Every structure is written in structure tokens, then in C-alpha cells.
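Thanks for coming. I will take one structure today and walk through it piece by piece. Please have the sequence and the 3D view open.

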Amino acid sequence: MELNRREFLETAGVLTAVTTIGSALPIFGATGKENLFTNPTEHKLPELPYAFDAFDKFIDAKTIELHYTKHHQAYVNGLNKAQAEIEIALGKQDFSLIDYWLKKLAFHGAGHFLHSLYWNSMSPNGGGEPKGKLLDKINMDFGSFDKFKKMFSASAVAVEGSGWALLAYQPSTKKLLILQIENHQKLTTWDVIPLMVIDVWEHAYYLKYQNKRGDYVNNWFNIVNWDTAEKNYLSHPTKDNK
Ligand code: MN3
């Protein structure tokens with residue numbers, strides 16, 4: 001039996017996972033509509049869950065303000081533009097520039113999603129170590145929180161050029177993974193649930209840290225929102241975390 005894409009994703013549990021994370025994190029303008037391009041969603045900048053100066057000791061207010069109001073907004077705008085152009089191409093049945101607009105869709109769409117997750121990966125009450133089931137899983141999959149932290153930090157510092165380090169859960173292997181992401185959309189694997197993410201583009205830290213990405217990554221652990229990371233982990237129940 002040949003499955004269509006939706007049936008395939010449902011069978012693989014991926015659609016459920018994506019839907020679940022979408023509802024756990026009120027961050028990404030998922031439509032739930034069958035056809036993204038004939039019913040395009042207008043994506044909007046999500047609300048920032050704290051003030052610009054919430055992390056002044058570790059990330060200065062000007063950086064948060066510019067990052068949120070200029071950089072993230074530009075990805076939202078770019079995503080809406082790409083969707084609109086793809087809709088026009090579909091209407092005209094002219095796909096001569098489809099590769100260009102699909103690249104834009106991937107870049108800006110991933111940029112919008114990752115920034116939304118980034119804002120929720122930090123909290124004025126954050127820092128310390130994760131608790132509960134997420135800590136158990138980190139201990140199981142990385143040996144200890146300290147070993148995880150070293151690997152995550154090394155991964156973030158070593159991203160070539162502009163990018164991200166992501167903690168994700170892979171349902172098919174029931175493992176936590178650390179991924180490096182170049183730009184917003186490269187080096188990923190698709191079958192994972194993103195739990196928390198650090199932005200290591202220079203715009204995320206340059207005003208305070210200049211070229212010292214390692215210091216920024218190190219300090220960032222003082223504001224990690226482990227509660228949200230655990231919520232994201234538990235949003236996809238498996239026999240490991242039930
Ligand atoms: Mn950024």
C-alpha cells in the first residue's frame with residue numbers, strides 16, 4: 001500500500017510529534033491546514049516572554065532588543081514573502097524560480113522556528129541543572145550532566161560560521177541528540193523533536209563578547225530554561241519518559 005505523505009508521517013509518529021511540540025511551544029504559526037501554499041499562514045513575531053534586559057549580566061539588553069526586533073523579525077518577513085511567492089508560482093504554474101523560493105522558505109522558516117525556540121530556551125529563573133525525567137535521560141544518554149554540558153558547549157563553540165547547537169530527542173532511537181546547525185537549516189536530521197537551542201550567530205553575542213563565543217556559551221548556561229526543555233521532551237511520550 002502506498003501511503004501519502006500525511007499517512008506516512010502519521011505512521012512514523014512524526015506528525016503527532018510536530019503537532020504536539022507546536023502546541024507545547026506557542027511559537028510557530030502552524031496552520032493545521034492541509035495545504036500550506038493555497039492557505040498560507042501569515043507568520044508573526046511571537047511575544048518575547050521577558051523584558052529586553054532580563055539577562056543583562058549575561059546578554060545585554062541592546063543585543064536582545066536588536067536580535068528580537070530586527071533579526072527575528074526579518075526571518076518572519078522572509079518566510080511570509082517566500083510563502084507568498086510560492087503561492088503565486090502555484091497559481092501561475094510557473095516554477096522557473098521554485099528552487100530559489102524553496103531555499104528562502106527553508107532558511108527563513110528554520111530561522112523563525114529556531115529563534116522562537118531560542119527565546120523559550122532562556123529564562124530569568126533559568127540556569128542550574130535540569131530536573132526530573134530530562135535529567136534522568138541526559139544521565140542515561142550522555143553519562144552525566146557535566147559530560148552533556150561539555151559536549152553541548154564544544155558543539156556550539158565549534159559551529160563553522162553562523163549557526164546553532166540544538167538538543168533534540170529522536171523518537172525512532174529513543175535517544176537525545178546534540179546537533180550542530182549551520183545557518184538555520186543545514187546539517188540537520190529530520191526525525192527529531194527540538195528541546196532547546198543556543199544561537200551562536202555573532203549577532204547573538206558580539207556587542208558584549210566580541211569574538212569570544214566560548215565565554216558567551218559558558219555564560220548562557222546560567223539562563224537555560226530547563227523547565228521548557230523538559231516540557232518539550234515530555235510532549236512526546238515514550239516508554240522512557242512516561
Ligand atoms: Mn539569531
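I will start with one residue. K174 is partly exposed, with a relative accessible area of 30%. Buried would need under 20%, and exposed over 50%, so 30% falls in between. Before going on, I should say that this is a predicted model.

Where is K174? The residue sits in the loop between β1 and β2. Its phi is near 55°, a positive value in a residue other than glycine. The two strands form a hairpin with four residues between them, and K174 is where the positive phi near 55° turns up in that hairpin.

There is a second case, in the loop between β2 and β3, and that is N183. N183 also has a positive phi near 55°, and it is not a glycine. Its relative accessible area is 23%, so N183 is partly exposed.

Now the overall layout. The protein has nine helices and three strands. Reading from the N terminus, the order is α-α-α-α-α-α-β-β-β-α-α-α. The chain has 242 residues, and 44% of them count as buried. Of the contacts with a separation of 6 or more, 69% are between residues 24 or more positions apart.

Next, the sheet. It is open, has three strands in the order β2-β1-β3, and the pairing is antiparallel. Which strands stand at the edges? They are β2, residues 175–182, and β3, residues 193–199; each has a single partner strand, so one side of each has no neighbour in the sheet. On average, neighbouring strands are turned by 20° against each other, ignoring direction.

As for the pairings, β1 is joined to β2 by eight bridges. One of the pairs there is A165 with Q180 of β2. On the β3 side, six bridges join β3 to β1, which covers residues 163–170. There, L167 stands opposite M196 of β3, and W164 has D199 of β3 as its bridge partner. Keep D199 in mind for later.

How much of β1 is buried? Eight of its eight residues are. G163, A165, L167 and Y169 point one way from the strand, while W164, L166, A168 and Q170 point the other way, and all are buried. In general, side chains in a regular strand alternate between the two faces of the sheet.

One residue of β1 deserves a closer look, and that is G163. Its relative accessibility is 0%, so G163 counts as buried. Leaving aside neighbours within four places in sequence, G163 is in contact with I181, E182, N183, I198, D199, V200 and W201. That list includes N183, the residue with the positive phi. G163 and G111 are 52 residues apart in sequence, and their C-alpha atoms are 9.9 Å apart.

Now the helices on the sheet. Helix α5 lies across β1, β2 and β3, and runs at about 80° to β2. Helix α6, residues 145–157, packs on the sheet as well and touches β1, β2 and β3; the direction of α6 makes about 140° with that of β1.

Helix α5 has another partner. The axes of α5, residues 132–142, and α9, residues 226–234, come within 8 Å and cross at roughly 80°. That crossing angle makes α5 roughly perpendicular to α9. Which residues meet there? From α5 they are G132, K133, L134, K137 and I138, and from α9 they are W226, A229, E230, Y233 and L234. By class, this contact has six nonpolar, one polar and three charged residues.

Last, the metal. What are the protein donors of the manganese ion? They are H67, H115 and H203, each through NE2, and D199 through OD, lying 1.9 to 2.2 Å from the ion. Along the chain, the spacing of the donors is H-x47-H-x83-D-x3-H. D199 and H203 are both buried.

That brings D199 back. It is a donor of the manganese ion, it is the bridge partner of W164, and it is in contact with G163. On screen, D199 is a useful place to go from the sheet to the metal site. That is the end of the walk-through.

Key:
Residues are numbered from 1 along each chain as its sequence is written. This is a predicted model: local features need pLDDT of at least 70, side-chain atom pairs count only at pLDDT 80 or more; totals for chains, interfaces and linings use all residues. Side-chain values use heavy atoms; hydrogens and water are left out. Axes are lines fitted to C-alpha atoms, for helices over the stretch in contact, and angles run from 0 to 180 degrees between N-to-C directions. Angles under 35 degrees count as roughly parallel, over 145 as roughly antiparallel, 65 to 115 as roughly perpendicular and the rest as oblique. Contact means heavy atoms within 4.5 Å. Ala, Val, Leu, Ile, Met, Phe, Trp, Tyr, Cys and Pro count as nonpolar, Asp, Glu, Lys and Arg as charged, and the others, Gly among them, as polar. Two strands pair if DSSP finds at least two bridges between them. Buried means under 20% relative accessible area, exposed over 50%, partly exposed in between (1.4 Å probe, protein chains only). Donors are N, O and S atoms within 2.8 Å of the metal (3.2 Å for Na, K and Ca); water is not among the atoms, so sites may look incomplete.
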